[in-house]
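User: I am new to this structure and would like to be walked through it slowly, one question at a time. Could you begin with the terms I will need?

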Amino acid sequence: MSFLTIIVATDKQGGIGINNSLPWHLPEDLAHFKRSTSGHAIIMGRKTFDSIGRALPNRRNIVVTRNSDWAHDGVEAVTSLQAAQELLTEDRAFIIGGAQIYQQALSLADQLIITEIQEDFTCDAFFPKIDPEKWEETNRESHCSEKNRLNYAFVTYKKK
Ligand SMILES: NC(=O)c1ccc[n+]([C@@H]2O[C@H](COP(=O)([O-])OP(=O)(O)OC[C@H]3O[C@@H](n4cnc5c(N)ncnc54)[C@H](OP(=O)(O)O)[C@@H]3O)[C@@H](O)[C@H]2O)c1
């Protein structure tokens, strides 16, 4: 079984998206996402893939969709999260969203890497509540964005 990490950026209310895109522009978080996921498999919902629009380089791209005809260059498509997990031969894989996939993957994941942005944004997609009985914070790095003065932290949670 691969070690499964959920990676996500959230606002203060757990918001993660609006109109199938990100509510904020935080280049430091995009760089952190690239650093964290490069060289690994990434699993995403079809809507998140649409919002990115292409397979991400240097990563094995796996897209979950109920449409068995769906296909895209550079992507392996599967019809369930379980099927995605069964494809994995790597030591590590990342669940990269969106809301539907995070909701279903939370019970399967071993680790959460969350960029907690200390602001409120208008969102229509949310990350599920993290149960402190099940998840333990193990690392926190606080930062302030040079570009737009947003305060944020890279936070790691391990499953208890
Ligand atoms: N802040 C962040 O870190 C972050 C990260 C990623 C995404 N996002 C945001 O999240 C939002 C998108 O989230 P979302 O919840 O709307 O969509 P999503 O989770 O990305 O994708 C949903 C789609 O995944 C497929 N799916 C879901 N469950 C499935 C299952 N059990 N079996 C087979 N297929 C399944 C379906 O595709 P079909 O309809 O094709 O069947 C469904 O429509 C966007 O706003 C995006 O920007 C934010």
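Analyst: A residue counts as buried if 20 or more other C-beta atoms lie within 10 Å of its own, and as exposed if 12 or fewer do. The model you see is a predicted one.

User: Which exposed residues does the face of H1 turned away from its buried side carry?

Analyst: It helps to begin with the buried residues of helix H1, which spans residues 27–37, and these are Asp 29, Phe 33 and Thr 37. Seen down the helix axis, these buried residues fall within an arc of 55°, so they line one face of H1. The face turned away from them carries the exposed residues Pro 27, Ala 31 and Arg 35.

User: Against which strands do the buried residues of H1 pack?

Analyst: The residues concerned are Asp 29, Phe 33 and Thr 37. Their packing partners are E1, E3, strand E6 (92–95), strand E7 (111–117) and strand E10 (151–159).

User: Why is E3 described as largely enclosed by the rest of the structure?

Analyst: In a regular strand the side chains alternate between the two faces of the sheet, and it is therefore useful to look at each side in turn. On one side of E3 lie Ala 41, Ile 43 and Gly 45, on the other Ile 42 and Met 44, and all of them are buried. E3 is largely enclosed because the buried residues number five of the five.

User: Which residue of E4 stands opposite Met 44?

Analyst: E3 pairs with strand E4, residues 60–64, in the parallel sense, and the pairing runs over five bridges. Within E4, the residue that stands opposite Met 44 is Val 63.

User: Which residues come nearest to the ligand?

Analyst: The shell around the ligand draws at least two residues from each of strand E1 (3–10), strand E2 (15–17), strand E3 (41–45), helix H2 (46–52) and helix H4 (99–105). By class, this shell has twelve nonpolar, 14 polar and three charged residues. Of the 29 residues around the ligand, those that come nearest are Gly 17, Gly 45, Gly 97, Gly 98 and Ala 99.

User: What radius of gyration does the protein have, and what would a compact globule with 160 residues have?

Analyst: The protein has four helices and ten strands, and its C-alpha atoms fill a box of roughly 45 × 35 × 25 Å along the principal axes. A compact globule with 160 residues would have a radius of gyration near 15 Å, and the protein agrees with this, having 15 Å.

Methods: Residues numbered from 1 in each chain as written. Predicted model: local features only at pLDDT ≥ 70, side-chain atom pairs only at ≥ 80, totals over all residues. Rg over C-alpha atoms; globule rule 2.2 N^0.38 Å. Near = placed C-beta within 6 Å. Nonpolar A, V, L, I, M, F, W, Y, C, P; charged D, E, K, R; others polar. Arc of directions from axis to C-beta. Contact = placed C-beta atoms within 7 Å. Pairing = 2+ DSSP bridges.
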